[in-house]
Amino acid sequence: ARTPVTVTVTGAAGQIGYALLFRIASGQLLGADTPVRLRLLEIPQAVKAAEGTAMELDDCAFPLLDGIDIFDDATQAFAGANVALLVGARPRTKGMERGDLLEANGGIFKPQGEAINAGAADDIKVLVVGNPANTNALIAQQHAPDVPAERFTAMTRLDHNRALAQLSKKAGVSVSEITKLTIWGNHSATQYPDVFHAEIASKNAAETVNDQAWLENDFIPTVAKRGAAIIEARGASSAASAASAAVDHVHTWVNGTAEGDWTSMAVVSDGSYGVPEGLISSFPVTTKDGRWEIVQGLEINDFSRARIDASVGELAEERDAVRKLGLI
Ligand code: NAX
């Protein structure tokens with residue numbers, strides 16, 4: 001049997017945590033031959049609820065689940081972590097300004113970055129799900145100077161999967177026939193789902209669909225505002241789909257993208273496509289042997305350029321705001 005991989009999950013007692021932990025423990029995150037050891041982090045008031053979830057995980061008798069430990073201390077929770085899923089965050093509540101939101105999350109992601117720096121395994125891979133995900137990832141990354149910056153990523157895979165679903169419905173094809181879709185920028189309403197390089201059954205998707213009005217007035221806003229539509233319909237925010245996307249993100253990072261395809265991940269920019277270096281922005285990426293690379297050389301038309309620039313501009317503003325607050 002292989003040595004167990006240690007996976008730390010924060011916000012373990014939350015609704016995404018509840019959907020996520022069972023998928024990890026069943027082997028869907030890392031594969032059917034990889035045992036996992038879970039380390040759960042919660043705030044003290046939610047530790048009891050996390051213990052309840054751990055009881056249920058025991059009761060599933062998952063053959064791959066090697067153990068579960070629960071903490072309310074970040075340093076302990078991240079000790080020896082090979083994979084860290086940062087799900088717990090401070091949500092925006094009524095009357096809260098963006099500055100307040102960033103500050104409250106800085107208070108979570110700064111110490112978590114420090115804890116990862118102090119004690120995570122050398123091969124640590126971090127996925128930030130908790131919002132504002134890109135900027136929370138930037139804060140954590142900035143406080144983990146000994147960890148290579150490329151190990152900190154934020155989740156736009158749910159947006160990517162939402163875009164796949166919308167395009168598959170429009171084109172009347174299975175999602176498995178769609179490749180090379182891209183989410184650019186921030187995981188927020190400014191994100192840009194790009195079909196101009198996407199392919200449907202190996203033919204250009206934008207040309208196949210050939211409906212610019214649908215693209216502008218339907219597809220882009222539907223993908224960008226899907227989170228709000230789920231809350232409206234379900235009375236609660238996306239949970240199982242978010243957990244599924246987190247599983248996809250890590251699985252793809254570890255196991256690689258298919259030949260001739262790519263995925264969307266928010267990763268530290270190297271300046272590609274005019275995205276300022278250091279921002280954690282969503283790009284088209286390929287993965288291989290546990291490493292990601294930004295897809296190079298795509299031609300960006302004017303329509304895409306304006307939307308990418310707007311979303312990246314928002315990320316730069318968030319970075320400047322957390323800088324001003326002394327969080328990075
Ligand atoms: P819940 O409020 O159900 O759960 C969050 C959990 O995090 C709670 O149990 C809370 O006690 C815990 N928590 C808070 N501070 C913590 C800390 N310092 N350390 C450890 N745990 C802490 O939220 P849920 O619906 O699970 O969503 C979690 C986060 O995911 C939110 O920030 C949400 O906005 C974000 N999302 C991100 C998505 C993405 O695509 N990137 C999509 C789904 C989701 O909206």
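Tutor: Let's begin with a term: a polar contact is a pair of N or O atoms within 3.5 Å; within protein, one must be able to donate a hydrogen and the other to accept it, and residues adjacent in sequence count only if both atoms are side-chain atoms. The model above is predicted, so local features need pLDDT of at least 70 and side-chain atom pairs pLDDT 80 or more, while totals for chains, interfaces and linings use all residues. Residues are numbered from 1 along each chain as its sequence is written, and side-chain values use heavy atoms, with hydrogens and water left out.

Student: What makes the pair formed by E42 and the ligand a polar contact?

Tutor: A polar side-chain atom of E42 is 2.6 Å from an oxygen atom of the ligand. That value is within 3.5 Å, so the pair counts.

Student: Which backbone atoms lie 3.3 Å from a nitrogen atom of the ligand?

Tutor: G11 supplies a backbone N or O atom at 3.3 Å from a ligand nitrogen, and V129 also has a backbone N or O atom 3.3 Å from a nitrogen atom of the ligand. As for cover, the protein hides 80% of the 880 Å² of accessible area that the ligand has on its own, with areas taken from the Shrake-Rupley method and a 1.4 Å probe.

Student: How many residues surround the ligand, and which are the closest?

Tutor: The count is 23, and the closest are Q15, I16, E42, V129 and N131. A residue is near a molecule if one of its heavy atoms lies within 4 Å of it. By class, this shell holds twelve nonpolar, ten polar and one charged residues. Both α1 (15-25) and α4 supply at least two residues each to the shell.

Student: How do you know that the span of α4 agrees with what is expected of a helix?

Tutor: The expected span is 1.5 Å times one less than the number of residues. Helix α4 (residues 98-119) has 22 residues, and its 31 Å from first C-alpha to last is close to the expected 32 Å. α4 also bends by about 30 degrees at G106, where the bend is the angle between axes fitted to the seven residues ending there and the seven starting there.

Student: What about the span and the kink of α8?

Tutor: The 13 residues of α8 should span 18 Å, and the end C-alpha atoms are 17 Å apart, which agrees. A kink of about 25 degrees lies at D218, shortly before the proline P221.

Student: Why is R39 in strand β2 (residues 36-41) called buried or exposed?

Tutor: Buried means under 20% relative accessible area, exposed over 50%, and partly exposed in between (1.4 Å probe, protein chains only). R39 has 18%, so R39 counts as buried.

Student: Why is N136 in helix α5 placed in its class, buried or exposed?

Tutor: Its relative accessible area is 0%, so N136 is buried. A polar atom of the N136 side chain also lies 2.9 Å from the backbone oxygen of G130.

Student: Where is S238, and what is it called, buried or exposed?

Tutor: S238 sits in the loop between α9 (226-234) and α10 (240-255). With a relative accessible area of 10%, S238 is buried. The side chains of S238 and R162 are joined by a polar contact of 2.8 Å.

Student: And what of A144, in the loop between α5 (133-142) and β6 (152-154): buried or exposed?

Tutor: A144 has a relative accessible area of 1%, so the word is buried. A144 is 32 residues from Q112 in sequence and 8.9 Å from Q112 in space, C-alpha to C-alpha. Q112 is itself one of the buried residues of α4.

Student: What is notable in the phi values of N210 and Y273?

Tutor: Phi is near 50 degrees for N210, a positive value in a residue other than glycine. For Y273 phi is near 55 degrees, again positive in a residue other than glycine. N210 lies in the loop between α7 (205-209) and α8 (212-224), and its relative accessible area of 64% makes N210 exposed. Y273 lies in the loop between β12 (263-268) and β13 (280-288), and at 12% Y273 is buried.

Student: Which form, cis or trans, does the peptide bond from N131 to P132 have?

Tutor: That bond is cis, with omega near -10 degrees. P132 is found in the loop between β5 (125-128) and α5.

Terms used
Helix = DSSP H or I, 4+ residues; strand = E, 2+ residues; numbered from the N terminus. Nonpolar A, V, L, I, M, F, W, Y, C, P; charged D, E, K, R; others polar.
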